[in-house]
Amino acid sequence: MAIINKGFGARRRQHDDRIPPGQYLTNDFPVLSAGPTPSISLSEWTLGIEVPGRQARRWTWDEFMALPQEDITVDIHCVTAWSKLGTSWRGVSLDVLLGEDVDPDGFVMAHSYGGYTTNVPLEDVLDGKAWIAHTFDGEPLDPEHGGPARLLIPHLYFWKSAKWVEHLKVMDSDVPGFWETNGYHNHGDPWKEERYW
Ligand SMILES: Nc1nc2c(c(=O)[nH]1)N[C@H]1C(S)=C(S)[C@@H](COP(=O)(O)O)O[C@H]1N2
Ligand SMILES: [Mo]
């Protein structure tokens with residue numbers, strides 16, 4: 001009886017309506033990196049933002065941590081088909097970092113320490129949809145998972161959530177990033193299964 005109930009429960013969980021099509025649930029936190037994990041000390045870490053027509057901005061770790069912080073609990077979805085529900089993070093909203101007067105018609109290229117890049121439309125990172133996260137599950141973000149800080153765009157496949165983010169460049173036109181030039185979809189909405197070209 002117990003076994004039947006357990007099996008039923010597991011099956012029900014796989015059909016959770018928080019899991020996008022073609023995804024399976026995992027409770028692990030797999031590490032997926034295209035290269036080695038860069039080691040960045042907090043004293044050398046900075047985060048830059050470039051917006052056309054504005055002077056470039058750069059925050060040190062202390063300045064970044066002094067910005068308004070948010071606690072975020074979200075589901076995340078990797079294109080390799082794992083989804084993880086209810087992950088909890090702390091970080092700074094891109095609304096704070098980009099400012100209110102940014103033209104939402106643009107695009108953003110995230111540049112990481114180590115050279116990784118990924119592109120997203122600005123509208124996918126404004127209005128409470130994206131953060132630079134430095135804490136996972138109440139602990140400083142592991143280097144393997146992008147520490148000191150990573151982009152978090154939970155409503156897109158997780159390759160858009162650049163680990164070890166170093167600067168964000170706002171652009172008037174769209175330019176593909178690392179995976180987007182290597183066969184991944186330009187946008188990456190898991191609910192539309194925008195996986196590969
Ligand atoms: N800088 C950088 N960011 C990255 C990657 C990477 O290789 N380098 N991999 C991406 C991919 S494909 C995924 S699925 C997630 C994996 O994040 P995780 O290792 O914390 O699970 O990070 C994304 N961000
Ligand atoms: Mo991925």
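**Figure 1. Aromatic rings pair up throughout this predicted model, with a count of 15 aromatic pairs.** One of them joins Phe29 and Phe136: the ring centres are 4.9 Å apart, the planes meet at 45 degrees, and the pair is tilted. Where do the two partners sit? Phe29 lies in the loop between strand E1 (24-25) and strand E2 (46-50), while Phe136 belongs to strand E8 (residues 131-136), so the pair ties together parts that are 107 residues apart in sequence. Phe29 is buried, with a relative accessible area of 17%. Phe136 is buried too, at 15%.

**Figure 2. Trp179 and Tyr184 form a stacked pair.** Their ring centres are 4.5 Å apart and their planes are at 15 degrees, so this pair is stacked. Is each partner buried or exposed? Trp179 counts as partly exposed, at 26% relative accessibility, and Tyr184 counts as buried, at 11%. Now widen the view to the cluster that ring pairs link together: its members are Tyr116, Tyr157, Trp159, Phe178, Trp179, Tyr184 and Tyr196.

**Figure 3. The largest nonpolar core has 37 residues.** Which residues have the most contacts inside this core? Look for Phe64, Leu94, Leu97, Leu98, Val125 and Ile132. The elements that give two or more residues to the core are E2, helix H2 (61-65), helix H3 (94-98), strand E6 (107-112) and strand E11 (165-171). Another core, of 13 residues, lies apart from the largest one, and its members include Ile76, Trp82, Phe136 and Phe158. In soluble globular proteins, nonpolar side chains tend to be buried together.

**Figure 4. Here are the contacts of Ile132 within the fold.** Setting aside residues up to four places away in sequence, Ile132 touches a long list of partners. Among them are Leu47, Phe64, Leu94, Leu97, Leu151, Val165 and Leu168. Arg90, Gly91 and Arg150 are also included in the contacts of Ile132.

**Figure 5. Five strands make an open sheet with mixed pairing.** In what order do the strands come? Follow them as E3-E2-E11-E6-E7. The edge strands are E3 and strand E7 (117-121), each of which pairs on one side only. From one strand to the next, the twist averages 15 degrees.

**Figure 6. Neighbouring strands of the sheet show both antiparallel and parallel pairing.** E2 and strand E3 (residues 57-60) pair in the antiparallel sense over four bridges, and Thr46 has Thr60 in E3 as its bridge partner. Six residues lie between the strands in the hairpin of E2 and E3, and there Gly53 takes a positive phi near 80 degrees. E2 also pairs with E11, this time in the parallel sense over three bridges; look for Gly48 standing opposite His167 in E11. Farther along the sheet, E6 and E7 run antiparallel and are joined by five bridges, with Ala110 opposite Thr118 in E7.

**Figure 7. A cis peptide bond joins Gly147 and Pro148.** The omega angle of this bond is about 10 degrees. Pro148 is found in the loop between E9 and E10. Ala149 is in the loop between strand E9 (139-140) and strand E10 (150-152). Is Ala149 buried or exposed? Ala149 is buried, with a relative accessible area of 0%. What does Ala149 contact, leaving aside its neighbours within four places in sequence? Its contacts include Trp45, Trp61, Ile132, His134, Leu141, Trp164 and Val165. For a sense of distance, Ala149 and Leu85 are 64 residues apart in sequence and 20 Å apart in space, C-alpha to C-alpha.

**Figure 8. Asp137 and Glu193 have positive phi values although neither is a glycine.** Phi of Asp137 is near 55 degrees. Asp137 sits in the loop between E8 and E9 and counts as exposed, at 53% relative accessibility. Glu193 has a phi of about 50 degrees. Glu193 is found in the segment after E11 and is partly exposed, with a relative accessible area of 38%.

**Figure 9. This view covers a domain listed in the UniProt record.** The unreviewed entry lists residues 35-179 as "domain: Oxidoreductase molybdopterin-binding". Over this range the chain is 7% helix and 40% strand. The end C-alpha atoms of the range are 13 Å apart.

Key
Residues numbered from 1 in each chain as written. Chains lettered and ligands numbered in written order. Predicted model: local features only at pLDDT ≥ 70, side-chain atom pairs only at ≥ 80, totals over all residues. Heavy atoms only, no water. UniProt positions renumbered as here; feature names shortened; annotations may be inferred. Phe/Tyr/Trp six-rings, centres within 6.5 Å; stacked < 30°, edge-to-face > 60°. Buried < 20%, exposed > 50% of the residue type's maximum accessible area, 1.4 Å probe, protein only. Core = buried A, V, L, I, M, F, W, Y, C linked by side-chain atoms within 4.5 Å. Contact = heavy atoms within 4.5 Å. Pairing = 2+ DSSP bridges. Axes fitted to C-alpha atoms, helices over the stretch in contact; angles between N-to-C directions.
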